[in-house]
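Reader: Got a minute to go through this one with me? I'd like to jump around a bit and ask whatever comes up.

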Amino acid sequence: MTQARTEPERQSIRPAVEEPGLSTLEQPEAPTFEPNRWLRWLYTRFFRHMRIDENWSGVVREAAARGIVVYVVRSISVLDFLCLDYLVKRFRLPLVRFANDLGLWILEPFGRGGRRLSFRRQIPQEEALAKVLHEQESALLFLRRNPSWGERPTGQGLDVDLIRTLVEQQRKIDRPISIVPQTFVWTQRPPNKEPTIVDLLFGPSEWPGRLRVILQFVFNYRNAQLRSGQPFDVRAFLDEHQDLTDAEAADRIRYALLRRIERERQVVLGPAKKTASRIREELVRSPRVRKHIEAAAKEQGKPVEVIERQADEELHQLAAKMDPNMIGLFRRVLRWVFTRIYDGFVVDTEGIERVREAARRGPMILLPSHKSHVDYLVLSYMLNDYSVSPPLIAAGENLGFFPLGWFLRRAGAFFIRRSFRGRKLYSQLVGAYLRKILVEGWNVEFFLEGGRSRTGKLLPPKLGLLSMVLDAGLRLPSLSFVPISIGYERVIEQGAYTHELSGGEKRPESVGGLLRTPRVLRSRYGRLYIQFGQIFELKDLLEEAAHLRGADADADTRELRPPERRALINRIAHRVTYEIDRATIVTPAALVASALLSHERRGMTHEELVERCATLLAALQRQGARIARTVMRDDPQLVAPRDRDAEGDTARALLREESIEEAVALFVDAKLVTTVEADGARIHSVPDDRRLGLEYHKNTVLHFFVPSALIATALRLEEAAIEEDDLRERVSSLSRLFKYEFMYRADATFDEIFDDALERMVEAGEVARVDGGIRKVEGSLVPLYARMLRSYFEAYRLAALALESLEPGAPTKRKDWLKQALSRGNKLFLAGQIELRESLCKPKLENAISAFHDAGLVRATEATLEPGAALDDDEALGAVERRLAKYL
């Protein structure tokens, strides 16, 4: 995996080493580049800012190595020609020897530029192009001309079919002709579905008139881009379609080229824009929505017109009003804010290329992890920086308050109520709106977890929006699901999360929260990490589901019965969450937090901390985890050995100790860690009341250790070896107990997960097989793995003890029980019966209740708790508590 990361400077968050998807021209000038004074000023002033697809020069060079390069641009443009000619000289690529329909005035744009262009009008253009191709030189072809006044705003065909000339010449010459589409983007505004007055006077943005071209260039040249499409091999096409005439082949090639150019423009700019009022009008009048409006009117006994107005108002409150001007303003503001609070972004650039390829196929559903309100902003900001159009974002109505909601709506947010209960029509309107924006070609972002994770672990997926998206996707030719991990070295909401985890009430979002922003801007929050998991195509998931249920190969995979549909939604949700976990990057902060919280004594020296971080790093490498480049040294000579002792030495050598220093400093600044000097040594410790806040960072990587930790916990019960089948049964029981706590692999059974984890531990020398059994190896990481789950065992034991307060036939309010359980836990902690303060955690107790509900120990609703059927036996609860206690 390749990552682009920023230098930790406050001045800029853009990468200083690798440019994210675009590269600013800083190449040495070609020897023949001798423009006159006016053109030299023009190029230096304007074209040097051009942002170039980082694959562009490589694509053209590869095409030139295979044969003759022909550049293609959508419509006639002197500006595009001048810019392309400048770029091919700067990158020393095949020079343009022919360009069609530009006119005579531009015969030699570079004065003493080293060659003349074939713009001769004394011979037909097709003959001039044929001559250039026979000389094995390159050409530039414009496919269409811009519409004149009164013509359709879609571009017009040219008088001479030069694509047909290419086909004819390819049949005559030996070297293959590669057509390379060039997409110049001179504006940041997507085209309008309905022409505006500006469009009528100056031409639409996608087919602009001369004045609009000049204005677009003057106002946007710093953000102008060149995107390169996949080369089109003319010879390979003709070999594959030998039955086509030259004219038929030319038509197909032209259509394919225009499609590639338009797809590339849409990736950057997004689909043609409709006004919010037009979208509402089309939805309210659609047959599917009309049916539900009429049903609601009949059910409520109101006129259809009244319900229709209510539906229109609901859509008004729901729909986004994306405005390119607001996107530009947000980008500038966010750049300033992010530069002040973050040390840089670490972005998975290989993942970005996969995202761009998926965007070329059709709409995408972006499914990021949700750990902070910053998530709403950072993904759109990053995609815009990487030349991918920002998505429309599903946000909770709690963020719709004025003035923030007004700005977010125009930046692409649409606001959804937290609950649809009792709102049948509203549910249908949300589903219809999602279908509409996907059909229009918009990418959509929403958080599969539903809300922000306060613990650092992924929350169980919520399936409501995913179900609506699936309904829309079944009617689309292509739909991609993109799992995204957004990670932080420190979250802005740290104090609020600790307050809520300890049992405090969630504070609602408000203007007062915005007024606290200056305090945020005075702090530093480390780096921010964006990583992409495997992208899933809906059609592939449908085919896989059809195969699993044994459907006929010729059956329509898009026709699903309700049980099949529910199974598919669950499969998508859990595969996405697993991919998010798998893509999560290991940061210095996660290493330091894991090392400190797994230490059994009050404090640890800095040297011990570094050693523990190196040990954890080696274990994570064995798991195949992605490691942040800031954590490791770039030394190809260091290869992880098989021997455990040598592996530890190599991990210590690979570990950048500076990154550990930075993470410690970040936690000290956040008051999560204290550092003191004693007898010449630095001692790090975690105050008891801060352990819950630090556990957030440990939990971001805990999922990598969970299978090994469950095995380690089960092994600690026995000093001697244990039969493998008995060990498997114990671990299976524990995994069921913690099923609401941890996300397990979605593509494997329990036995496969157990076998993989056990084999890794055997290979690492952490456990050994003896006489058909399994035993732990002295001095291995088994106690460390088990220690990582101790707070969960203590929390579940506390929940079991607190169930004693439930009285049969007298339901207890859930909130009251949680307060009582946390109060009792605090007493046990002060008495030394609970060791870890982070065990007193509200989400852990709630997950324990869900697990005990499944076991029949308690009957739980959203509001109340009462004893379950299994508690009729007085010994049942004590048995559960003793079972958990023995693991401690």
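Reader: Where is D581 found?

Author: D581 sits in helix 23, which covers residues 562-583. Keep in mind that this is a predicted model.

Reader: And what is the nearest side chain of opposite charge to D581?

Author: That's K371, at 6.4 Å. D581 is buried yet has no salt bridge. A salt bridge here needs the nitrogen and the carboxyl oxygen within 4 Å.

Reader: Which residues is D581 in contact with, leaving aside neighbours within four places in sequence?

Author: L458, H703, F704 and M743.

Reader: Staying in helix 23, is I569 buried or exposed?

Author: I569 lies in helix 23 too, and it counts as buried because its relative accessibility is 5%. Leaving aside neighbours within four places in sequence, its contacts are L463, L466, S467 and L470.

Reader: How far apart are I569 and V469?

Author: In sequence, I569 and V469 are 100 residues apart; in space, their C-alpha atoms are 9.8 Å apart.

Reader: What about helix 18, how many of its residues are buried?

Author: Nine of the 10, so helix 18 is largely enclosed by the rest of the structure. The buried ones are L465, L466, S467, M468, V469, L470, D471, A472 and G473.

Reader: OK, new topic. How many salt bridges does a search of the whole structure find?

Author: It finds 54. One of them pairs E493 with R452, with the closest N and O atoms 3.4 Å apart. That pair links distant parts of the chain, 41 residues apart. E493 is in the loop between strand 15 (480-488) and helix 19 (494-501), while R452 is in the loop between strand 14 (444-445) and helix 18 (464-473).

Reader: Are E493 and R452 buried or exposed?

Author: E493 is buried at a relative accessible area of 11%, and R452 is buried at 10%.

Reader: Which residue does E766 form a salt bridge with?

Author: R622, and the closest N and O atoms are 2.6 Å apart. This pair also links distant parts of the chain, with the two positions 144 residues apart in numbering. E766 is in the loop between helix 30 (750-763) and strand 24 (767-770), and R622 is in helix 25 (residues 606-622). E766 counts as buried at 2% relative accessibility, whereas R622 counts as partly exposed at 26%.

Reader: And what do the side chains of R790 and E835 do?

Author: They meet in a salt bridge, 3.0 Å from N to O. R790 lies in helix 32 (residues 790-802) and E835 in the loop between helix 33 (814-830) and helix 34 (842-854), so the pair ties together parts that are 45 residues apart in sequence. R790 counts as buried at 16% relative accessibility, while E835 is partly exposed at 34%.

Reader: Which residues do salt bridges that share partners join into one network?

Author: E724, R728, D751, D755, E759 and R769.

Reader: Switching to cysteines: how many disulfides does the structure hold?

Author: Zero.

Reader: Then are C83 and C613 buried or exposed?

Author: C83 is buried, with a relative accessible area of 0%. C613 counts as buried as well, also at 0% relative accessibility.

Reader: Let's go to the outside. Which residues form a nonpolar patch on the surface?

Author: L211, I214, L215, V218 and F219, with about 490 Å² of accessible area together. I214, for one, is found in helix 7 (residues 210-220). At 49% relative accessibility, I214 counts as partly exposed; the cut-off for exposed is over 50%.

Reader: Zooming out, how many helices and strands are there in the chain?

Author: The chain has 35 helices and 28 strands. It runs to 888 residues, and 55% of them count as buried.

Reader: How much area does the chain expose?

Author: About 39600 Å², with carbon and sulfur atoms supplying 50% of that.

Reader: Last one: what share of contacts between residues at least 6 apart in sequence join residues at least 24 apart?

Author: That share is 76% for this chain. The pair of E766 and R622 we talked about is an example of a salt bridge that links distant parts of the chain.

Notes:
Residues numbered from 1 in each chain as written. Predicted model: local features only at pLDDT ≥ 70, side-chain atom pairs only at ≥ 80, totals over all residues. Heavy atoms only, no water. Disulfide = S-S within 2.5 Å. Buried < 20%, exposed > 50% of the residue type's maximum accessible area, 1.4 Å probe, protein only. Helix = DSSP H or I, 4+ residues; strand = E, 2+ residues; numbered from the N terminus. Lys, Arg positive; Asp, Glu negative; His and termini not counted. Contact = heavy atoms within 4.5 Å. Areas by Shrake-Rupley, 256 points an atom, 1.4 Å probe, with all protein chains shown as cover. Patch = residues over 30% accessible without salt bridge, like charges linked within 9 Å, V, L, I, M, F, W, Y side chains within 5 Å.
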